[in-house]
Amino acid sequence: MTAYDVIVLAGGAAKRLGGADKPGVRVGGRALLDRVLAACAGAARTVVVGGRRATARPVVWTREVPEGGGPLAALGAGLRLTTAERVLVLSADLPFLGPGTVDALLAAAGQPGREGALCTDPDGRDQPLVAAYRAEPLRRELALIATEHGSLAGLPLRLLTAELDLARVEAGPDAAFDCDTWDDIAAARARIREHGAVLDEWITSVKNELGIDLDVDTGVLLDLARDAAHGVARPAAPLTTFLVGYAAARASAGAGPDEAAAAVAEAARKATALALRWEAEASAGGDAAGGPAGGAKPDAGREGTGTP
């Protein structure tokens, strides 16, 4: 895995949101900032430029000088606290950014002769705050810009990107989607509830909320819930999946994520087999092997009497 640090810019004024605390706005039950931090969890060091707040994982905090000095000033402040040869630079309002995009940017930035890589949106526009840069040329150009203009405050990002040899990575419709307005927030909240994505979004949110690092095979668990509901009773579905999770946690205590995932699969297999046996018994009724024909009950009066 490519070693990298990440700088997340989270100090903008959010004027189009009426001055709201944009990094703290929730989409899918999670703050926008936490969603971005989840996408770059593999960073050696994470620097967030903005006001301090509770976050889903540890970060290093700093502020641009002067506060509100713009993205170049914020980038310069964050860069001073990084040491890796490659630096991922992200805004804090990317609800759909994922690890796949992060990996693609780091790989593209590592191409011979390139000084970094940035995403382009579906309209072909560069997104310099969804990007990975080589640290040395990034420091060089920021220093030259600061010398030429007296400081980095209030300057546009294009002054930086115009001077760097950058690869372009097509982000697709989601990765570079940023939330600048309340309409954008509403669109993001609606998108995560779309049929094809809602379960993955929900499972990811739950894992982050509970601090769980586990690849969940939702298909296995949904099949188990279905079999428990049909073979036993509908309330058995959530209760059974809970018990499977508890059993898997006990079986994989102290183990890594791969062993935990295997423990979930094995516990689910056992519980599914049990539910199917219950369903088979219910379907067979009194005709099950060894049972009395026609469902007739045994003669209670003969029980324990020894009468032939």
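Colleague: What covers the buried residues of helix H2?

Modeller: This is a predicted model, and burial is best read together with the elements that provide the cover. For H2, the covering elements include strands S1 (5–9), S4 (46–49), S5 (60–62) and S6 (86–91). Helix H4 (135–149) and helix H5 (158–161) are also among them.

Colleague: How many residues of H2 are buried?

Modeller: A residue counts as buried when its relative accessible area is under 20%. Helix H2 spans residues 71–79, and eight of its nine residues meet that criterion, so the helix is mostly covered. The buried set consists of Leu-72, Ala-73, Ala-74, Leu-75, Gly-76, Ala-77, Gly-78 and Leu-79.

Colleague: Taking one residue of this helix, is Gly-76 buried or exposed?

Modeller: Gly-76, which lies in helix H2, has a relative accessible area of 7%. Because the cut-off for burial is under 20%, Gly-76 is classed as buried.

Colleague: With which residues is Gly-76 in contact, once its neighbours within four places in sequence are left aside?

Modeller: Those residues are Leu-142 and Leu-152. Leu-142 falls within the range of helix H4 (135–149), one of the elements covering H2. A separate reading is the distance between C-alpha atoms: Gly-76 and Ile-7 lie 9.8 Å apart in space, although 69 residues separate them in sequence.

Colleague: What share of the contacts in the whole protein joins residues far apart in sequence, at 24 or more positions?

Modeller: Among contacts with a separation of 6 or more, 64% are between residues 24 or more positions apart. As for burial across the protein, 40% of the 308 residues count as buried.

Colleague: Which domains does the assignment give, and how far apart are their centres?

Modeller: The domain assignment gives domain 1 (4–192) and domain 2 (213–284). Their C-alpha centres are 41 Å apart.

Colleague: Why is the protein described as more spread out than a compact globule?

Modeller: The overall extent is read against a reference for the chain length. The protein contains 11 helices and nine strands. Its radius of gyration is 28 Å, well over the 19 Å that the globule rule gives for 308 residues, and it is therefore more spread out than a compact globule. Along the principal axes, the C-alpha atoms fill a box of roughly 110 × 40 × 35 Å.

Colleague: How much accessible surface does the protein have, and how many charged side chains?

Modeller: The accessible surface comes to about 16900 Å², with 54% belonging to carbon and sulfur atoms. There are 32 positive and 40 negative side chains, and the centres of the two sets lie 4 Å apart.

Key. Residues numbered from 1 in each chain as written. Predicted model: local features only at pLDDT ≥ 70, side-chain atom pairs only at ≥ 80, totals over all residues. Heavy atoms only, no water. Domains from an automatic or database assignment. Helix = DSSP H or I, 4+ residues; strand = E, 2+ residues; numbered from the N terminus. Rg over C-alpha atoms; globule rule 2.2 N^0.38 Å. Buried < 20%, exposed > 50% of the residue type's maximum accessible area, 1.4 Å probe, protein only. Contact = heavy atoms within 4.5 Å. Areas by Shrake-Rupley, 256 points an atom, 1.4 Å probe, with all protein chains shown as cover. Lys, Arg positive; Asp, Glu negative; His and termini not counted. Charge placed at Lys NZ, Arg CZ, Asp CG, Glu CD.
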